[in-house]
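Colleague: I should like to learn how to read the features of a model such as this one. May we take them in turn, with the general idea before the particular case?

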Amino acid sequence: MAAAALLAAVLGGGLLLIARRYLTGAGRASRGAAAALMRGKTVIVTGANSGLGRATAAELLRMQARVIMGCRDRGRAEQAAREIRAELGAQAEGGELVIRELDLASLRSVRSFCQRVLQEEPRLDVLINNAGIFQCPYMKTEDGFEMQFGVNHLGHFLLTNLLLGLLKSSAPSRIVVVSSRLYKYGEINFEDLNSEISYNKSFGYSRSKLANILFTRELARRLEGTEVTVNVLHPGIVRTNLGRYINIPLLAKPLFNLVSWAFFKTPLEGAQTSIYLASSAEVEGVSGKYFGDCKEEELLPKAMDDLVARKLWDISEVMVGLLK
């Protein structure tokens, strides 16, 4: 009975997978107008050497954008770039992949990356804050921040603020922030932002993703009237290496792999909303919104608390050294 139920679930998942891939293909086929909008545009994608970031970079290259891959490991980034160019072949012509080292666990690295961008790039049309770390054991960044909060929120907070001037001078321009549905389980505890009193890796991740949303909403408020928009999204459940810190018993791995094949999105499917927010004319002028599957979605009240968002912004400015 249990085996039959499992088989039915997997078959159902397979049908969902086929339908989803058909819709993904249809979406790509209908993106001619978006591709025209991206031709020659300069885009930064953080964490672009694997998973969602790699898929996002590849699709934007297909649209003939100039894509700057902000990656911690230069060797892996160069390998990913070679693979993307080989996969796209002639479709990559007209676009460009540029590799720049960026370690979001180091404020020094973030500043160095931004300094080079500001020196070398005359414009920046889209910034995609994609990179992230998921449910890692308690560890700290180079600057002493809890790793998930430091990378997922503070690293991107500093990156975005340092590039805002270039984004404004390039307007109309866009900022895209990748969050997660798991924000629902997060809380912003101002008494223990660095998780030094207590730490739970699952809640820590959820808190960092809630911080992404609050950051997006406060930034949208500050950018009103500038023609720079910022929106946040959740990609759904995607098969990526983000779960490298999740331990799955050896005997359970075949079942997990089967279930993930049937029910989880591929990186390309998961990247669709990032690509949509970066390129679609449908969201031109839209800012401060939360999206999933290329559609606006409702947020829980805690993710729309403007007072918490402003307080988090103020504290984050001090933490990353923008204010003394």
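Modeller: Let us begin with accessibility, bearing in mind that this is a predicted model. A residue is called buried under 20% relative accessible area and exposed over 50%. Lys140 has a relative accessible area of 40%, so Lys140 is partly exposed.

Colleague: With which residue does Lys140 form a salt bridge?

Modeller: The partner is Glu196, and the closest N and O atoms are 3.3 Å apart. Glu196 sits in the loop between strand S5 (173-178) and helix H7 (201-222), while Lys140 sits in the loop between strand S4 (126-129) and helix H6 (147-169); the pair therefore ties together parts that are 56 residues apart in sequence. Glu196 is exposed, at 55% relative accessibility.

Colleague: How many salt bridges does the structure hold?

Modeller: The structure holds 19 salt bridges. One of them joins the side chains of Glu96 and Arg66, with an N to O distance of 3.0 Å. Glu96 belongs to strand S3 (residues 96-101) and Arg66 to strand S2 (residues 66-71), so this pair links parts that are 30 residues apart in sequence. The relative accessibility of Glu96 is 37%, which places Glu96 in the partly exposed class.

Colleague: How far apart in helix H7 are Glu218 and Arg222?

Modeller: They are four residues apart in helix H7, and are therefore separated by about one helical turn. Their side chains meet in a salt bridge, at 2.8 Å from N to O. Glu218 counts as buried, at 2% relative accessibility, whereas Arg222 is partly exposed, with a relative accessible area of 37%. Salt bridges with shared partners join Glu218, Arg221, Arg222, Arg310 and Asp314 into one network.

Colleague: Next, how should one read a nonpolar core? Which residues of the largest one touch the most other members?

Modeller: The general idea is that, in soluble globular proteins, nonpolar side chains tend to be buried together. Here the largest nonpolar core has 51 residues, and those touching the most other members are Ile44, Phe113, Leu159, Leu163, Leu167, Ile175 and Leu219. Two or more residues come from each of helix H5 (107-120), H6, S5, H7, strand S6 (228-234) and helix H11 (306-319). H6 gives the most to this core, with 11 residues.

Colleague: Which residues does Leu163 touch, not counting residues up to four places away in sequence?

Modeller: On that count, Leu163 touches Ile44, Cys114, Val117, Leu118, Leu124 and Leu127. A second, separate core has 37 residues, including Val45, Leu60, Val126 and Ile275.

Colleague: Where, by contrast, is there a nonpolar patch on the surface?

Modeller: Such a patch is formed by Leu182, Tyr185 and Phe203, which together have about 330 Å² of accessible area. Phe203 lies in helix H7 and is exposed, at 52% relative accessibility.

Colleague: As a biochemist I also look for cysteines. How many disulfides does a search of the whole structure find?

Modeller: The search finds zero disulfides. Cys114 is buried, at 1% relative accessibility, and Cys136 is buried as well, at 0%. Cys294 is partly exposed, at 26% relative accessibility.

Colleague: What is the phi value of Cys294?

Modeller: A positive phi in a residue other than glycine is the feature to look for here; for Cys294 phi is near 65 degrees. Cys294 lies in the loop between strand S7 (290-292) and strand S8 (295-296). Glu227 also has a positive phi, near 65 degrees, and is placed in the loop between H7 and S6. Glu227 is exposed, with a relative accessible area of 55%.

Colleague: Which residues are joined by a cis peptide bond?

Modeller: The angle to read is omega: the cis peptide bond joins Ala171 and Pro172, with omega about 5 degrees. Pro172 is in the loop between H6 and S5.

Colleague: Finally, which values describe the chain as a whole?

Modeller: The chain has 11 helices and eight strands. Of its 324 residues, 50% count as buried. Among contacts with a separation of 6 or more, 80% are between residues 24 or more positions apart. The accessible surface of the chain is about 15,100 Å², and 56% of this belongs to carbon and sulfur atoms.

Technical notes
Residues are numbered from 1 along each chain as its sequence is written. This is a predicted model: local features need pLDDT of at least 70, side-chain atom pairs count only at pLDDT 80 or more; totals for chains, interfaces and linings use all residues. Side-chain values use heavy atoms; hydrogens and water are left out. A salt bridge is a side-chain nitrogen of Lys or Arg within 4 Å of a carboxyl oxygen of Asp or Glu. Buried means under 20% relative accessible area, exposed over 50%, partly exposed in between (1.4 Å probe, protein chains only). A disulfide is a pair of cysteine sulfur atoms within 2.5 Å. A nonpolar core is a set of buried Ala, Val, Leu, Ile, Met, Phe, Trp, Tyr and Cys residues joined through side-chain atoms within 4.5 Å. Contact means heavy atoms within 4.5 Å. Patches are made of residues with over 30% relative accessible area and no salt bridge: like charges are joined within 9 Å, nonpolar side chains (Val, Leu, Ile, Met, Phe, Trp, Tyr) within 5 Å. Accessible areas come from the Shrake-Rupley method with a 1.4 Å probe; for residues, only the protein chains shown count as cover.
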